[in-house]
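User: I would like to go through this model and ask what stands behind each label put on it. Please set the values against the criteria.

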Amino acid sequence: MQSDFWLERWRTGQLGRHREDVNPALVRHWPSVGLDPASKVLVPLCGKTRDMAWLAHAGHEVLGCELSAIAAREFFTDSNLLPHSRREGRFVRHRGGSVTILEGDVFDLDQSALAGIGGVYDRGALVALPPDMRRRYAAVLARMLPPGVRTLLLTLEYDQSRIAGPPFSVPEAEVHELYSGQEIGKLFTEDTTEAPPRFAAAGLGGPDRPVRQKVWRIVPRTDRHGTPVRSRTQSTIP
Ligand SMILES: C[S@@+](CC[C@H](N)C(=O)[O-])C[C@H]1O[C@@H](n2cnc3c(N)ncnc32)[C@H](O)[C@@H]1O
């Protein structure tokens, strides 16, 4: 999925219909991640999601990463915040309240940009990417994030042969492969009614061909002293 695809979608208003409310799965399952409110949370491929405002309200410092300047601007406008913006390497850093959005490519994030991150909220990020980019995405985050990060991940699963993503179907086996070396727990599964309309047109969404949303808690394995063990399997970027 090329950057131009997403930038064009924002430019032509095709992503402006993003849900205005906070994702119920975040509200319901975030406490299970077990993250201290003082921890800083990364929201990759954040768009202009209100979920960032919810996380900030819960006490977290939030770092979003998003390609589109339009999305970043609309997030702060919707939040009644006037961000302070400055260029920082390959990114433009926008900061307002306790939310910072790094406008740029998630694949350009490095360890210094992600210093201090304690948690990740991935909704609409992994599923926005085709398989080869998903592997790169998981590898980049595993390599650049500090050890000990705890993640809430939302995925979709459906018959990919009937329709092309995004959002893409991410099979359970792939979640286990991408996050191998960490402790992976499936918190919740439901047949979602929120799939894009074109899914129904492709015959997806009924009881025979469900579109399933799955919610995952991914936390570090710890050694016998309770110290997080960094996964070795994720350390190389394909
Ligand atoms: C499906 S939307 C999800 C947005 C948000 N997470 C939500 O739940 O509403 C995917 C977003 O990822 C952004 N995006 C896609 N590729 C990206 C990349 N390589 N780096 C940063 N952002 C990217 C797009 O511009 C788009 O806003």
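Analyst: One point on the contacts to begin with: 69% of those between residues at least 6 apart in sequence join residues at least 24 apart. The model is a predicted one.

User: What makes the chain as compact as a globular protein of its length?

Analyst: The radius of gyration is 17 Å, and the globule rule gives 18 Å for 238 residues; the two are close, so the chain is as compact as a globular protein of that length. Along the principal axes, the C-alpha atoms fill a box of roughly 45 × 45 × 35 Å. The chain has seven helices and 10 strands, and 37% of its residues count as buried.

User: Why is Gly104 called buried?

Analyst: The criterion is 20 or more other C-beta atoms within 10 Å. Gly104 has 22 such neighbours, so Gly104 counts as buried. Its place is in the loop between strand S5 (99-103) and strand S6 (117-123).

User: Which residues is Gly104 in contact with, leaving aside its neighbours within four places in sequence?

Analyst: Those residues are Cys65, Leu67, Arg90, Phe91 and Val92. Contact here requires C-beta atoms within 7 Å. As for Gly89, it lies 15 residues from Gly104 in sequence, and the C-alpha to C-alpha separation is 9.8 Å.

User: How do you know that S2 pairs with S1 and with S5?

Analyst: Pairing requires at least two bridges between two strands. Strand S1 (residues 40-44) and S2 have five bridges, in the parallel sense. S2 and S5 also pair in the parallel sense, over five bridges. Both pairs therefore satisfy the criterion of at least two bridges. On the S1 side, Pro44 stands opposite Cys65 of S2; on the S5 side, Glu66 stands opposite Glu103.

User: What makes S2 mostly covered?

Analyst: Five of the six residues of S2 are buried.

User: Which helix joins S1 and S2 in a β-α-β unit, and is the unit right-handed or left-handed?

Analyst: The helix is H3 (residues 51-57), and the unit made with S1 and S2 is right-handed.

User: How many residues surround the ligand, and which are the closest?

Analyst: There are 20 residues around the ligand, and the closest are Trp6, Leu45, Gly47, Val106 and Gly124. Helix H1 (3-11) and strand S2 (61-66) are the elements that give two or more residues to this shell.

User: How do the residues of that shell divide into nonpolar, polar and charged?

Analyst: The shell holds 12 nonpolar, five polar and three charged residues. Gly is counted among the polar residues.

Definitions and conventions
Residues numbered from 1 in each chain as written. Predicted model: local features only at pLDDT ≥ 70, side-chain atom pairs only at ≥ 80, totals over all residues. Helix = DSSP H or I, 4+ residues; strand = E, 2+ residues; numbered from the N terminus. Rg over C-alpha atoms; globule rule 2.2 N^0.38 Å. Buried ≥ 20, exposed ≤ 12 C-beta atoms within 10 Å, placed from the backbone. Contact = placed C-beta atoms within 7 Å. Near = placed C-beta within 6 Å. Right-handed = clockwise from strand over helix to strand, strands pointing away.
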